[in-house]
Every structure is written in C-alpha cells, then in structure tokens.
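User: I am new to this structure and would like a close look at one helix and what lies around it. Please take it step by step.

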Amino acid sequence: MTSALEAQALGKRYGKRWALRDCTIDIPKGHVVGLVGPNGAGKTTLLKLAGGQLEPTTGRITVLGERPAAGPEQLARVGFVAQNTPVYTGLSIADHLRLGARLNPRWDDTMARERIASLDLDPAQRAGKLSGGQRAQLALTLGLAKRPELLILDEPVASLDPLARREFLQGLMEATVEHELSVVLSSHLVSDLERICDYLIVLVDSRVQVIGETDELLATHHRLTGPRRDPGTLPAGQHVVSARHTDRQSTYVVRTDGPILDPAWTVTRLSLEDLVLAHMDKRPARARRADLEVQR
Ligand SMILES: Nc1ncnc2c1ncn2[C@@H]1O[C@H](COP(=O)(O)OP(=O)(O)OP(=O)(O)O)[C@@H](O)[C@H]1O
C-alpha cells in the first residue's frame, strides 16, 4: 500500500546548520499524524519538504508515492496550509473561494460556502481585514475544500479560540473518516493532538526522537516510581526516555515491549502529553547518569 509520507535519510541544511537530519519515516495512509517538538526542532522544515516548498539537502521524500509537487496532479492531491496561514489581503473571501474552484479539480464548493457561513464570516469581507483567527479559518477552509488526499497543516489551530479549535479539530476528524483523508499537523498543543491524532512524530534537535501509532506508544511507555535506582540497574529491554531523582526516589519514563516485573516500582500509564514531554527532555542519558551521581 502506498504511504502517505515516506522519507529516507532525509536532511535539510541551512548554511552550516542542520534543520532536519537522518529522517527516515514511513507513515501509512489514513492516519491523523501529530508532529510535535520544541521551537526550532525542524517541524516546519519537514512539512515544507513534504509540501515541495523546500528541496532536501540529503536523502529523499515521497508523498502519496510521488515526489512532492511533482506536477499538477500531485499538487491537487496534497493540501498545504502554512504556519502564517497566507491569504491574498486584497481579495474578498468569496474571491478566495472562486480562485479555489478555478485552481482545484476536486473543489467542494458547497462545503466551502457552508463552512464560511457557519463561521459567521461575510463572503464580501476582504481577507486583509480579517482577524488572525479568521484568516486561519479561511486558509483552513481552502485546504479542506480542495478535497486533498493528504492535508498538511503547520500549527493550524494556534490562533483559534478554544471553541473554534475544538470545532475545527472535530471537522477534521469527520473529514478523515468521510473522505479518507490523511492529515499531518504540527502543534504545540499536545492536549489537542491527544484528541485527534492516532500517529505521533516527536522531533527534537532536528532528529526524529520517536514515531509510531499513539496506541502502541502509550502501551509501551511507562512511568516507574520507586526507591532511588541507578539507570544501569534497569533490565536491558527497558530503554530510559527520561529520569528524575530525589535523595530517596527515582522516577523513570521507560519504553519497553515487555512487562514491568520488579515489585519495587509503582507503574503508571502516561498521557500523550507526558510521553511527548519525556521525549523532549533533551539531556542525554550520560548527563542524566552524571546528574544521579552528583546527587548521591
Ligand atoms: N530559511 C531559513 N534559513 C536559515 N535557517 C532556517 C530557515 N528556516 C528555518 N531555519 C532554522 O532551521 C531550524 C528548524 O526550523 P523550523 O522552522 O523547521 O522549526 P520548527 O520546529 O517548525 O519551530 P517552531 O516550533 O518554532 O515553529 C531552526 O534552527 C531555524 O532557525
């Protein structure tokens, strides 16, 4: 089956600085993929490579089985809403919808008009006079009405109010089911992603830190709390994701396929947010061990 997004050893360098490196991923179609990571981690870079707005420095990327932006047909299959939700400030909302209809072979005009009406936006209003959130809503409407097979959204909900955010994400979920839409969206709002994403990529320092189906990730990550313990004493199959220590107690987030058998640990499940934050703890394992030694 064709992947929604596939990359092999993908990298992008600006001058001497790598914005993304060694990115090897293979995401099947039909998922809502959440892309998270600290500021500057490389999220926008990955999305722009997928959208064909950037060329890789190393490696390769395919989107729905083809090179990004390979031609008009491929462009019609992929929707891209950039971080700053660009619109034509001099054109009205209605002009944007007319333009969308002209440029996109699968354009869903009814859906576009209904969405604009449900948002209480005046079609005659110039886009330049819309608020930031309203502009984002217009850009998102254009992305959805294009009826792409893959919709790429760079921080789509950042400027929306909480109700608009919830409604937008609900609409997105419905679209994925009704129209077999795959979605990749970046966001810092992990609690929002938790509601709609069934696939997760965590990018840290320009590298993929963790990737996979959220159910599988949540089932294999555990928080262990118990008497203070050196990480070297944990079983080999338990990969330490993050560690915190007090004088008497250790708290680890570990990833393992096996059961936690040690009765000394209190084992708790993680929320997606806990999981993301544990992977964003950038201190390498060596530094964490040193930390433990200093505290002894
Ligand atoms: N046009 C550019 N020229 C030079 N460096 C760039 C350019 N665009 C991005 N970078 C750098 O590449 C790195 C990754 O940037 P990117 O925008 O992909 O991060 P991000 O994860 O989307 O961040 P944020 O969450 O802040 O939006 C950063 O260090 C950034 O400074």
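**Helix H1 and its surroundings**

Analyst: The buried residues of H1 are Lys43, Thr44, Thr45, Leu46, Leu47, Lys48, Leu49, Ala50 and Gly51. This is a predicted model. Nine of the nine residues of H1 are buried, so the helix is largely enclosed by the rest of the structure. The count behind this asks for 20 or more other C-beta atoms within 10 Å of a residue's own. Just after H1 comes Gly52, with a positive phi of about 80°.

H1, residues 43-51, also takes part in the shell around the ligand, where it gives the largest share, three residues. Lys43, Thr44 and Thr45 are among the residues that surround the ligand. The others in the shell are Tyr14, Ala19, Gly37, Asn39, Gly40, Ala41 and Gly42. By class, the shell holds six polar residues, three nonpolar and one charged.

For the wider setting, the domain assignment of the protein gives domain 1 as 3-205 and domain 2 as 216-295. The contact between them takes 11 residues from domain 1 and eight residues from domain 2. On the side of domain 1 that touches domain 2, helix H7 (190-196) and strand S8 (199-204) each supply at least two residues. H7 gives the largest share of that side, four residues. Seven residues of that side of domain 1 are nonpolar, two are polar and two are charged. The centres of the two domains, taken over C-alpha atoms, are 34 Å apart.

Notes: Residues numbered from 1 in each chain as written. Predicted model: local features only at pLDDT ≥ 70, side-chain atom pairs only at ≥ 80, totals over all residues. Near = placed C-beta within 6 Å. Nonpolar A, V, L, I, M, F, W, Y, C, P; charged D, E, K, R; others polar. Buried ≥ 20, exposed ≤ 12 C-beta atoms within 10 Å, placed from the backbone. Domains from an automatic or database assignment. Contact = placed C-beta atoms within 7 Å.
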